[in-house]
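Open the structure in your viewer and keep the selection tool at hand. The stops below each give something to select and say what is there.

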Amino acid sequence: LPLAFIPDTWTASIQHREYRLALWSAATVAFSILACCTFWIATGWVDGESAAIFAAVVGSLFAGVDDPLPTYRNFYKIILLVIAVNGIYMFGILPRVTTLEMLIAALMPAFVLFGWMSARPATARAGTFLAIFTSVQLALNSSYTGDFASFANGSVSLFFGVVLTAIVSGIVRLSVSEWVAERLLSSNWKTLATVTEGRTWQQSVAIASLMQHRLTLLSAR
């Protein structure tokens, strides 16, 4: 039987773009950064700028998640693990390191483990976050400058930035999955109406590609 749509290698894949959701997600990150900066300036916290930086990083990483609260709850465990690993390195291992070779040997077990976790689909997100935030928090210099007050301030700032971003995201992006699903359905209905009325100039393969991508996004929700 002849196919309804003949595959055309010259036709580019057409994907659905949700600009309102992108703008909403960007606004959520902006609100989180402003909240951290407001608290930092109002309290005169020395390491408060780190909270705003982590709010920007974490908020951008989770900007595409429809329901951010469960994701942030799992992320708290990773942050606590990062703080624990950094504490062990800062005050238990790094003070005894005197050469570059010793530093490589000391860092190898943790980062090989993080790399192995990143390569496995089941633990890829956790391994990637552990590698990123452990590296940032260690902030290695040419010489050892371990200071517990600075370490504690940085750890609190990291956790505070993540918590405040989670609170803002939970308030601003509440029930976004249902809203996105409704818009995907509405978009496909409008496309079908446009096709049946003969008011479209797009090729059949392009329309099919667009609608299939919408259905894929809808099935994930």
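Select Leu-61, which lies in helix α2, residues 48-61. The model is predicted, so treat every value along the way as computed from predicted coordinates. Leu-61 has a relative accessibility of 41% and counts as partly exposed, because the partly exposed class runs between the 20% limit for buried and the 50% limit for exposed. Now add Ile-53 and Val-57 to the selection: together with Leu-61 they make a nonpolar surface patch of about 240 Å².

Next, go to Phe-31 in helix α1, which spans residues 19-43. What does Phe-31 touch, leaving aside neighbours within four places in sequence? The contacts are Val-168 and Val-172, so show those two side chains with the ring. Phe-31 is partly exposed, at 45% relative accessibility. For a backbone reference, draw a distance from the C-alpha atom of Phe-31 to that of Gly-59: the separation is 10.0 Å, for residues 28 apart along the chain.

The cysteines come next. Select Cys-36 and Cys-37. How many disulfides does the structure hold? The count is zero. Cys-36 is in no disulfide, and its nearest cysteine sulfur, that of Cys-37, is 7.0 Å away. Seen from the other side, the sulfur of Cys-37 has its closest cysteine sulfur in Cys-36, and 7.0 Å is too far for a bond, because a disulfide requires the sulfur atoms to be within 2.5 Å. Colour the pair by accessibility: Cys-36 is buried, with a relative accessible area of 1%, whereas Cys-37 is partly exposed at 22%.

Now turn to the aromatic rings. The structure holds 16 aromatic pairs. Start with Phe-39 and Trp-45, an edge-to-face pair with 6.3 Å from centre to centre and 90 degrees between the planes. Phe-39 is partly exposed, with a relative accessible area of 36%, while Trp-45 is buried at 16%.

Move on to Phe-91 and Phe-148. Their ring centres are 5.8 Å apart and their planes stand at 55 degrees, so this pair is tilted; the edge-to-face class would need over 60 degrees. Which helices do the two rings belong to? Phe-91 lies in helix α3 (residues 68-93) and Phe-148 in helix α6 (residues 148-172), so the pair ties together parts that are 57 residues apart in sequence. Are these residues buried or exposed? Phe-91 is partly exposed, with a relative accessible area of 32%, and Phe-148 is exposed, at 57%.

For the remaining aromatic stop, select Phe-54, Phe-62, Tyr-72, Phe-75, Phe-129 and Phe-133 as a single set. These residues form one aromatic cluster. Show them as sticks, with the backbone as a thin trace.

End the tour at Met-102, in helix α4, residues 100-119. Met-102 is partly exposed, with a relative accessible area of 36%. Not counting residues up to four places away in sequence, Met-102 touches Arg-96 and Val-97. Select these three residues together to view the contacts.

How values were computed:
Residues are numbered from 1 along each chain as its sequence is written. This is a predicted model: local features need pLDDT of at least 70, side-chain atom pairs count only at pLDDT 80 or more; totals for chains, interfaces and linings use all residues. Side-chain values use heavy atoms; hydrogens and water are left out. Helices (H or I, at least four residues) and strands (E, at least two) are DSSP runs, numbered from the N terminus. Buried means under 20% relative accessible area, exposed over 50%, partly exposed in between (1.4 Å probe, protein chains only). Contact means heavy atoms within 4.5 Å. Rings of Phe, Tyr and Trp (its six-membered ring) pair if their centres lie within 6.5 Å; planes under 30 degrees apart count as stacked, over 60 as edge-to-face and the rest as tilted. Patches are made of residues with over 30% relative accessible area and no salt bridge: like charges are joined within 9 Å, nonpolar side chains (Val, Leu, Ile, Met, Phe, Trp, Tyr) within 5 Å. Accessible areas come from the Shrake-Rupley method with a 1.4 Å probe; for residues, only the protein chains shown count as cover. A salt bridge is a side-chain nitrogen of Lys or Arg within 4 Å of a carboxyl oxygen of Asp or Glu.
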